[in-house]
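The exercises below are meant to be worked with the sequence and the 3D view open side by side. Please try each task before reading its solution.

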Amino acid sequence: MKDNFSNHAQDYAKFRPTYPKAVFEFLYELIPEKLNAWDVATGNGQVAVELATNFQNVLATDLSAQQIAEAPQLKNIAYRVQTSETAFDYDAKFDLITVAQAIHWFDFDKFYANVKAHIAPHGILAVIGYSVFETSGKLNEVIQHFYKNITDTYWDPERRYLDEHYQTIPFPFQEITVPKFEMEVRWTKGQFLNYLNTWSAVKHYQKANGQNPLELIKVDVDANWGSASERSFYFPLLLRVGKM
């Protein structure tokens, strides 16, 4: 699994959007017992912290020690530095296994073998993610140009799974129909630019060209932001849920 985020763990924790509560409420309704959860590729622990409000025990794993260092420490969350594919021992089976904005990096076969080894008979796997965001007006054209033209060739090949809304990943489970969800965030211009700066393609571009590509759109962002201090942005949320 690639690690594109360890060197920018603090920015990732500050500027990435959070998932809507409604997604987790939907998942909780599917689970008869809420004893053990495993949050895979937990990053800064965003999802693990949410799961800790409903589960007695949460295992949160990530390959990046730097990311885990940014995660909140709660008494019912155990953090481990390990990849999604690493075979491991755990005392109990998991009622819920979550992967948020990360499964496209995995070796699917090895990860799914781990899921099957550790999921409870009634347990579910939830794969969560989001694709490129949108806003209103001309600023949306700036975003799409930045994504499709400026940074396009600097994305890792695995990014296509997000563009395809996770519909093309292998998913060898009995799939559960899910409702449509959307994430809305309200950002200042600074927050908006800081979020774009967390993109792995931005880091790849900067390394290859010695320039941050955000400099190429800054004038257009300023011209099309408008008079409001904050704007709304919308992420289509991706969700696939399955059971054995």
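Contact here means heavy atoms within 4.5 Å, and helices (H or I, at least four residues) and strands (E, at least two) are DSSP runs, numbered from the N terminus. The model is a predicted one, in which local features need pLDDT of at least 70 and side-chain atom pairs count only at pLDDT 80 or more, while totals for chains, interfaces and linings use all residues. Residues are numbered from 1 along each chain as its sequence is written, and side-chain values use heavy atoms, with hydrogens and water left out.

**Exercise 1. Describe the secondary structure and the overall build of the protein chain.**

Begin with the secondary structure, which comes to ten helices and eight strands. Next, take the radius of gyration (over C-alpha atoms) and set it beside the globule rule, 2.2 Å times the number of residues to the power 0.38. The radius of gyration is 18 Å, close to the 18 Å that the rule gives for 244 residues, so the protein chain is as compact as a globular protein of that length. Finally, consider contacts between residues at least 6 apart in sequence: 75% of them join residues at least 24 apart.

**Exercise 2. Find the buried residues of helix H9 (residues 200-209) and say what covers them.**

The term comes first: buried means under 20% relative accessible area, exposed over 50%, and partly exposed in between (1.4 Å probe, protein chains only). In H9 the buried residues are Ser-200, Ala-201, Val-202, Lys-203 and Tyr-205. Their cover includes helix H6 (138-150) and helix H8 (189-196). Follow the chain just past H9, and Gly-210 appears with a positive phi of about 70°.

**Exercise 3. Are Ala-41 and Gln-101 buried or exposed, and what is the sign of phi at Ala-41 and Gln-101?**

Start with the loops: Ala-41 lies between strand S1 (36-40) and helix H3 (46-52), and Gln-101 lies between S4 and helix H5 (108-118). Ala-41 is buried, with a relative accessible area of 14%, and Gln-101 also counts as buried, at 9%. Most residues other than glycine have a negative phi. Ala-41, although not a glycine, has a positive phi of about 55°, and Gln-101, likewise not a glycine, has a positive phi of about 55°.

**Exercise 4. Place Thr-83 in the chain and find a side chain that it joins.**

Thr-83 sits in the loop between strand S3 (77-81) and strand S4 (94-100), where it is partly exposed, with a relative accessible area of 25%. Leu-63 is 20 residues away in sequence, yet the two C-alpha atoms are 4.9 Å apart in space.

Technical notes. A polar contact is a pair of N or O atoms within 3.5 Å; within protein, one must be able to donate a hydrogen and the other to accept it, and residues adjacent in sequence count only if both atoms are side-chain atoms.
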